[in-house]
Amino acid sequence: MENVVSEQQSKSPDTGTDTRRAEGPKVEGDVVFALSNVNVFYGAFRAVRDVNLQIHEQEITAFIGPSGCGKTTVLRCLNRMNDLIAIARVEGDLRYHGMDLYANGVDAVEVRRRIGMVFQKPNPFPKSIYDNVAYGPRITGMVKKKKGGDLDDIVENALRKAAIWDEAKDRLDSSALGMSGGQQQRLCIARAIATNPDVLLMDEPCSALDPIATAHIEDLMQQIKSEYSIVIVTHNMQQAARVSDRTAFFSVEVNPDSDTRTGVLVEYDHTDRIFSNPADPRTESYVTGRFG
Amino acid sequence: MAIVTVGDVARKNAQTLQGAGRDVGGTIFRIAVAGTLYVSLLIIGVLIFDVLFDGWDQLSTRLGGFLSGTLRSRSIDDKLGVHQGLYGSFWIAAFVAIIAFPTGIAAAIYLEEYANQNRTTRFIELAIRNLSGVPSVVYGLLGLFLFVEKNTILGFIGLGWLVDLTGGPTPISAGLTLAILVLPIVIITSQEAIRAVPSGLKEGAYGVGATKSEMIRTQVLPYAAPGILTGTLLSMSRAIGEAAPLILIGAISGGLTANPSFVDVTALQDRFTALPILIVTWVSQRGRDEGFATAAAAAIVVLLVVVLLLNMTAILLRNRFEKKRG
């Protein structure tokens, strides 16, 4: 199955102009998520229509598009966060390493333990920095003891990976709410990777941050992508162009008879192609700033 | 003719910037709202001064005896006091805390976090809201029917054992009745506290793989604790201050001789009285024996102190929880 994917992808060979990916010949990672004909409904309203895409391992995949195009909705399908909305309904085939995420008997809690999430607004718990990072390992039973030993190592590791250890190490016991917005968001990333997930979903993680904090997060994403597949939703096209390997462009369709708006996936390809030579004219007009 | 430029107009208009204090309506409004505050404070001040002044004879000369004494037929009596009332009120408060608080908080968690938002839920919430506004005397009737008197309907629906459990007109009946009385208030205030928990915290917990119950235990309850606590302890103050339902249940206003200590649980199966009942009783007897007016005022001071202590505890605990949640 992976071979098939590679063949499909080889139709769009890497142009190699991007210096960030000059570490060697581009290897196609395994497929982490395979979505076919995914539709999301809120009640009777169809929010997203017929999404088909494959997300690859150890890559950063960006979802871009105008407001209301359903990019966050699709992201939240990937770890079944949409389950929390009573009226939300997902149709279609959504596979994670070949497993149907929405099959009967699949435990959404287990899904979320493997597929971590970072939210738009930094949402540290009103606890100490240490307890924030230790929260996941504690409730998922990763550690036997609720304090010290292994847990200390896990917390330190996660904070180091999230590039916030130096700022946090001397105040692990003080409240996370005393940190700046950028620090809080990196803490939330540390909290998400402390449970050692396979995938990290990021829903506009930098939209509440200043450019310096944003740069921190973007560097951090590059550093950790060798260990985690990352899917990021962003409003910021420059950000998508800077950080991602592949980009999915979503747009909005206005349904003429009901005046409702449905999100559609317009184009999905390697990021450099999306930004330099998109196949769809809608993509081109969006990335060149003519609409949206 | 001089040409008028845009700058000239702006300069001319700038002169009209001076005009502070012309917001007459705003000033009146500020005085009005501040005035109502001062009037309320004044009323409380007068009330406290009045009861302290009236009850001073008892409080200043024999406070210890008054706190340990009992119901008496004459006001000039060394053994006159409020201890029986304190016993009743203490155990009523205990039953409210043991029964109404856990039940009410659990109901609020269910309604906010688990119940589907459908017609049934909305109906239940509406019913709870209405129940919180039902006059307390109606709850007294309910208590009388459920816990105090054996009757055929109760036996018919299989609840006759309730009266055997409570022993009739006892502190247990009073406690259960007042627990039912405050239950809607506990549910509503807890619901509001739970609803105020930021959705970001819940999502954060779910995002790292928390189950619903883990999320509620580790995020919702700690965050909502100050609000829940304030609401529940205020409802406790209300329960302690109620007289009307207790009169219906059969609280005693005279001839109660037993004076059990607070820890004496055997007296829970006996007749009882409570602080508000003592106040009502003594006020009604002041025509016959003027000294009872003093005793009533002193009893009011005791009740006020108990309620104020409860409210202070609520505030202190709330501040502690709020500090903890940052």
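V48(A) sits opposite G263(A), which belongs to strand β10(A). That match-up is part of a parallel pairing between β2 (residues 45–56) and β10 (residues 261–270) of chain A, held over two bridges. Keep in mind that this is a predicted model.

**The sheet in chain A**
- Ten strands of chain A make up an open sheet, and the pairing is mixed.
- Reading across, the order goes β5-β4-β1-β2-β10-β9-β3-β8-β7-β6.
- Why do β5 (99–100) and β6 (115–118) of chain A each have one side without a neighbour in the sheet? Both stand at the edges with a single partner strand apiece, so there is nothing in the sheet to flank the other side.

**Helices on the sheet**
- Helix α2 (residues 71–78) of chain A lies across β1 (31–42), β2, β3 (60–64), β4 (88–96), β6, β7 (199–203), β8 (229–233) and β9 (246–254) of that chain.
- As for direction, α2 of chain A runs at about 120 degrees to β1(A).
- Helix α7 (residues 181–193) of chain A also packs on the sheet, where it touches β6 and β7 of chain A.
- The direction of α7 of chain A makes about 170 degrees with that of β6(A).

**Chain A as a whole**
- Chain A carries eleven helices along with its ten strands.
- Of the 292 residues in chain A, 53% are buried.
- Take the contacts in chain A with a separation of 6 or more: 69% of them come from residues 24 or more positions apart.
- About 13000 Å² of chain A is exposed, with carbon and sulfur atoms supplying 48% of that area.

**A look at Q239(A)**
- You'll find Q239(A) in helix α9 (residues 237–243) of chain A.
- Is Q239(A) buried or exposed? Its relative accessibility is 3%, and the cut-off for buried is under 20%, so Q239(A) counts as buried.
- Leaving aside residues up to four places away in sequence, Q239(A) touches C206(A), T214(A), E218(A), I232(A), T234(A) and S244(A).

**Helix α8 in chain B**
- Over in chain B, helix α8 covers residues 171–195, which is 25 residues.
- At 1.5 Å a residue, α8 of chain B should span 36 Å, and its end C-alpha atoms are 35 Å apart, so the two values agree.
- Where is the kink in α8(B)? It lies at V182(B), shortly before the proline P184(B), and comes to about 40 degrees.
- α8(B) is mostly covered, with 20 of its 25 residues buried.

Methods: Residues numbered from 1 in each chain as written. Chains lettered and ligands numbered in written order. Predicted model: local features only at pLDDT ≥ 70, side-chain atom pairs only at ≥ 80, totals over all residues. Heavy atoms only, no water. Helix = DSSP H or I, 4+ residues; strand = E, 2+ residues; numbered from the N terminus. Expected span 1.5 Å × (residues − 1). Bend = angle between axes of the 7 residues up to and from the residue. Buried < 20%, exposed > 50% of the residue type's maximum accessible area, 1.4 Å probe, protein only. Pairing = 2+ DSSP bridges. Contact = heavy atoms within 4.5 Å. Axes fitted to C-alpha atoms, helices over the stretch in contact; angles between N-to-C directions. Areas by Shrake-Rupley, 256 points an atom, 1.4 Å probe, with all protein chains shown as cover.
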